[in-house]
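Here is a short set of exercises to work through with the coordinates loaded in your viewer. Try each task before you read its solution.

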Amino acid sequence: MASFVTEVLASSGKLEKEDLSSKISKMSRKVEDTKEEVCDMINKRYGDFLPSLQGSEELMVQVDEVSKEMDALKNCIETEVQQNIHVAVAEYAKIKQQLEKNTIIMTMLGHLKQFHSAMEESNKALLDKKYVDAANHLERARASVDSLKGWKTSQLPLLSALSSELTVQRENLIYHLGDEWKRLVIWSLPSSKEPAGLKSFLKVKLNLSHGCTKDGEAKPTALLCCVLQALAIQGDLQHKIKLFSQVLMKTMLKPLVMYPSLSVRVTEQQGEGTVLALQCLEESHKERSTPSQVYSKLLLVLRTLHSHLLDVSIGDKKLSAILGELIWEEMSKCIIHECLLYSIPTNSSQLEKYNTVIKETEEFEKSLKEMEFLQGDSTDLLKYARDVNCHFASKKCKDVIVAARKLMTSKMHNTVKITPDYKLRLAKLPVPASELKGKHETTKNEITMENKKQLSPWSMCLPACRISESVQQLMELALNTLSEAVGSSTQCALQLFFTVRNIFQLFYDVVPTYHKENLLKFPHLAAIQHNNCMYLAHHLLTLGHHFRTHLPQPLSEGIATFVDMVPGFRKLGAQCFLAQMNVQRAELLERLSTAHNFGNLDDEDNYIAASKAVRQVIHQLKQLGTVWQDVLPVSIYCKAMGNLLNTAIAEVISKIMMLEDISSEDGEHLHTLCQTIIEEGPLVFIPLAEENKNKKYQEEVPLYVRKWSTFKELVIVLRASLQEIVDRWADGKGPLALEFSSSEVKNLIRALFQNTERRAVALTKIK
């Protein structure tokens with residue numbers, strides 16, 4: 001009877017569903033029990049740290065069996081659901097939801113199993129010093145923990161315990177790897193308290209473990225490869241290599257570039273490995289190493305590192321490439337600023353020899369690429385070496401400006417004599433092709449045209465004078481710089497040409513400011529500065545013309561000129577000398593102001609004061625005459641001294657003409673003082689060092705002193721009688737009438753003579 005009921009129920013599918021429900025209920029209870037046991041075991045193992053190896057193994061077996069039963073039940077249910085999809089959707093959906101929950105739990109249990117086995121295998125590999133396997137197992141364990149964190153149903157306390165254990169194991173592995181690294185790569189460095197210098201760098205050593213040789217080629221040890229790969233897997237390799245690169249750059253590579261006497265010694269020591277040590281072979285007198293020396297020293301270090309340490313593949317990269325990325329930029333900058341910068345020629349004739357340096361740089365980079373330190377074709381280092389023309393021009397310009405400024409701020413009083421036959425020492429320049437062609441054409445139809453009246457050969461020459469030695473050197477510096485521009489590239493020639501213009505502009509701006517106080521204080525320096533400016537202006541007229549045809553375009557088309565600077569220099573020289581003239585003129589007038597207006601000279605004190613003032617004026621003029629002697633050109637000298645003497649004489653004339661009453665005794669005293677000026681005034685004209693040649697200029701005083709004739713007439717009048725005055729007036733046609741107006745002569749007569757009929761008659765004749 002029971003079997004019949006069973007058959008009926010089975011035919012309707014009801015019994016199968018009831019059996020499935022009971023099976024799933026049992027399976028759910030079984031899964032929950034297994035979950036509690038596994039979680040309990042994991043907590044005890046990683047949370048409470050209780051040893052339960054045997055129990056965990058039994059649980060793992062139990063998990064596997066439950067998993068298999070779940071798979072079979074799942075297949076059965078999916079088949080049944082497909083057959084009866086329209087009959088029991090709601091019921092099967094509930095059953096499937098329960099199944100999915102159980103599947104999730106089983107997946108979590110699988111991750112826990114994987115985590116546990118990965119951690120166990122990692123510990124075992126670490127004990128056996130299989131660092132790569134240990135690192136890989138830890139990565140698997142980390143992946144399991146990450147997967148568990150993705151499930152919302154994960155138990156947070158359990159995950160926290162797993163994460164902590166993973167962190168402890170990772171740090172333990174990294175500690176062991178760091179310990180191995182320290183044994184394989186050993187630095188010996190000077191004390192941090194010791195000042196950085198050549199002596200401290202001699203204490204630097206790098207000890208690398210012995211590399212195993214294969215076919216006579218040195219290779220990094222297997223242990224080193226394992227350590228590096230394990231560090232890479234754990235993501236700590238970049239940090240380790242960065243620290244290594246910083247120490248390498250600071251204590252070995254940079255010092256080798258900066259100190260010419262430093263070199264590197266590579267030795268193989270039994271039981272210790274390969275040792276790289278810095279040594280000082282001999283004291284080098286050179287301030288900088290040559291590029292070839294620097295390249296050879298650096299390559300020796302990098303090749304040794306490559307063969308014993310860096311020839312290890314990390315993924316798709318070599319370790320040497322990783323190090324190269326870290327050090328190349330800093331190393332190339334160091335080579336440029338500490339070596340290549342100082343190897344740039346200072347003379348254009350040496351530029352061709354610099355091709356050797358370019359080739360050495362190319363070979364250096366080629367060697368680095370072979371060892372995979374360097375990637376790519378064009379680098380800043382090679383670009384710098386190849387752009388030598390630009391760097392030469394920049395360096396030359398900088399050196400020229402520095403040298404020029406040094407000359408401008410040097411002492412001005414060291415002078416050289418310039419004579420009319422003086423010529424600049426111009427470099428011999430090649431004759432341009434255009435000029436050669438023109439010469440050949442003119443020789444075919446040669447016509448001689450000559451004017452009988454010729455200018456003097458000295459017409460366009462500088463007059464004899466003295467200029468600062470520094471200014472002569474400044475002009476030579478400008479000439480040498482322009483000579484460098486001849487035959488240079490267009491960019492280089494432009495830089496050099498405008499640097500020369502900047503030299504003269506700098507002189508225009510710097511010298512008057514830097515020497516301002518001395519130029520006002522010392523008349524000797526003012527005269528020299530005047531000559532300096534005129535000397536520069538004179539040569540700037542033709543300087544551009546001399547070089548223009550030899551320079552590349554656009555300089556050869558008329559840009560190469562200095563003529564526009566000539567008026568500025570002439571004005572600068574004139575202003576400087578005129579400022580000194582004003583100072584001297586003010587001093588003369590100040591001295592004459594102490595003469596009490598030349599009145600009441602019958603008083604002894606007044607006469608002494610007036611006599612002293614005249615003597616001081618003469619003395620000042622004589623001092624100036626001596627100071628400017630053989631310095632100023634003769635024509636400028638005579639004009640300057642004549643102008644100052646004229647100032648003094650005009651002031652004396654003005655003061656005497658203002659007197660309303662001149663007694664006979666006052667007249668005698670005035671005549672004596674004025675006669676002193678007439679006798680000694682011409683003696684201040686001593687432009688030349690040879691005394692016998694100065695007489696000519698002393699006789700030509702009226703040409704340079706505008707009031708000289710007026711002053712002489714005044715002296716005559718001071719001792720003349722009324723009749724003599726009338727005779728010298730000669731109805732407005734005499735010499736007295738040429739110098740004074742009628743009113744001035746009448747005032748003199750009234751001051752000199754008492755009011756008598758004779759005076760009245762004389763006054764009527766002065767019309």
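Is Glu78 buried, partly exposed or exposed? Keep in mind that this is a predicted model.

**Solution.** Start with the location: Glu78 belongs to helix 3, which covers residues 53-83. Next, take its relative accessible area, 38%. Buried would need under 20% and exposed over 50%, so Glu78 is partly exposed. To finish, look across to Lys96: it is 18 residues away from Glu78 along the chain, and the two C-alpha atoms are separated by 8.8 Å.

**Exercise 2. Describe the chain as a whole.**

**Solution.** Begin with the secondary structure, which consists of 30 helices and ten strands. Then turn to burial: of the 767 residues in the chain, 43% are buried. Lastly, consider the contacts with a separation of 6 or more; 76% of them join residues 24 or more positions apart.

**Exercise 3. Find the largest nonpolar core and work out where it lies relative to the domains.**

**Solution.** A general point helps first: in soluble globular proteins, nonpolar side chains tend to be buried together.

- Step 1: size and centre. The largest nonpolar core holds 111 residues, and those with the most contacts inside it are Met331, Ile335, Leu340, Phe364, Leu368 and Phe504.
- Step 2: main contributor. Helix 11 (residues 319-343) gives the most to this core, namely eleven residues.
- Step 3: position. Residues of this core come from both domain 1 (189-377) and domain 2 (395-425 + 461-577), so the core lies between them.
- Step 4: one member in detail. With neighbours within four places in sequence left aside, Leu340 touches Pro291, Tyr295, Ile335, Tyr354, Val357, Leu381, Tyr384 and Ala385.
- Step 5: the other core. There is also a second, separate core of 72 residues, with Leu621, Leu624, Leu645 and Ala720 among them.

**Exercise 4. Classify two aromatic pairs by their geometry, and place their residues.**

**Solution.** The structure contains eleven aromatic pairs. Take Phe201 and Tyr259 to begin with: their ring centres are 5.9 Å apart and the planes meet at 55°, which makes the pair tilted. Phe201 sits in helix 7 (residues 198-201), while Tyr259 is in the loop between helix 9 (237-258) and strand 5 (262-269), so this pair ties together parts 58 residues apart in sequence. As for accessibility, Phe201 counts as buried because its value is 13%, whereas Tyr259, at 24%, is partly exposed.

Now move to Phe497 and Phe498. Their ring centres are 5.1 Å apart and their planes lie at 80°; the cut-off for edge-to-face is over 60 degrees, so this pair is edge-to-face. Phe497 has a relative accessibility of 1% and therefore counts as buried, while Phe498 is partly exposed at 37%. Both rings belong to one aromatic cluster together with Phe504, Phe507, Tyr508, Phe562 and Phe569.

**Exercise 5. Locate a charge over a ring, then examine a histidine and its polar contact.**

**Solution.** For the charge, look at Arg288: it lies over the face of Tyr342, 4.0 Å from the ring centre. For the histidine, go to helix 10 (residues 291-310), where you will find His308. At 9% relative accessibility, His308 counts as buried. Its side chain makes a polar contact of 2.9 Å with the side chain of Ser307.

**Exercise 6. Which residues in the loop between helix 20 and helix 21 have a positive phi?**

**Solution.** Take Asn597 to start: its phi is about 60°, although it is not a glycine. Asn597 is in the loop between helix 20 (566-592) and helix 21 (604-628). Asn600 is in the loop between helix 20 and helix 21 too, and its phi is positive as well, near 50°. Then compare each accessibility with the classes: Asn597 is partly exposed at 43%, while Asn600 counts as exposed at 52%.

**Exercise 7. Place Asp133 and relate it to Cys226.**

**Solution.** Asp133 is part of helix 5 (residues 131-149). Its relative accessibility is 37%, so it counts as partly exposed. In sequence, Asp133 and Cys226 are 93 residues apart, yet in space their C-alpha atoms are 9.2 Å from each other.

Methods:
Residues numbered from 1 in each chain as written. Predicted model: local features only at pLDDT ≥ 70, side-chain atom pairs only at ≥ 80, totals over all residues. Heavy atoms only, no water. Helix = DSSP H or I, 4+ residues; strand = E, 2+ residues; numbered from the N terminus. Buried < 20%, exposed > 50% of the residue type's maximum accessible area, 1.4 Å probe, protein only. Core = buried A, V, L, I, M, F, W, Y, C linked by side-chain atoms within 4.5 Å. Domains from an automatic or database assignment. Contact = heavy atoms within 4.5 Å. Phe/Tyr/Trp six-rings, centres within 6.5 Å; stacked < 30°, edge-to-face > 60°. Lys NZ or Arg CZ within 6 Å of the ring centre and 35° of its normal. Polar contact = N/O pair within 3.5 Å; in protein donor to acceptor, adjacent residues only side chain to side chain.
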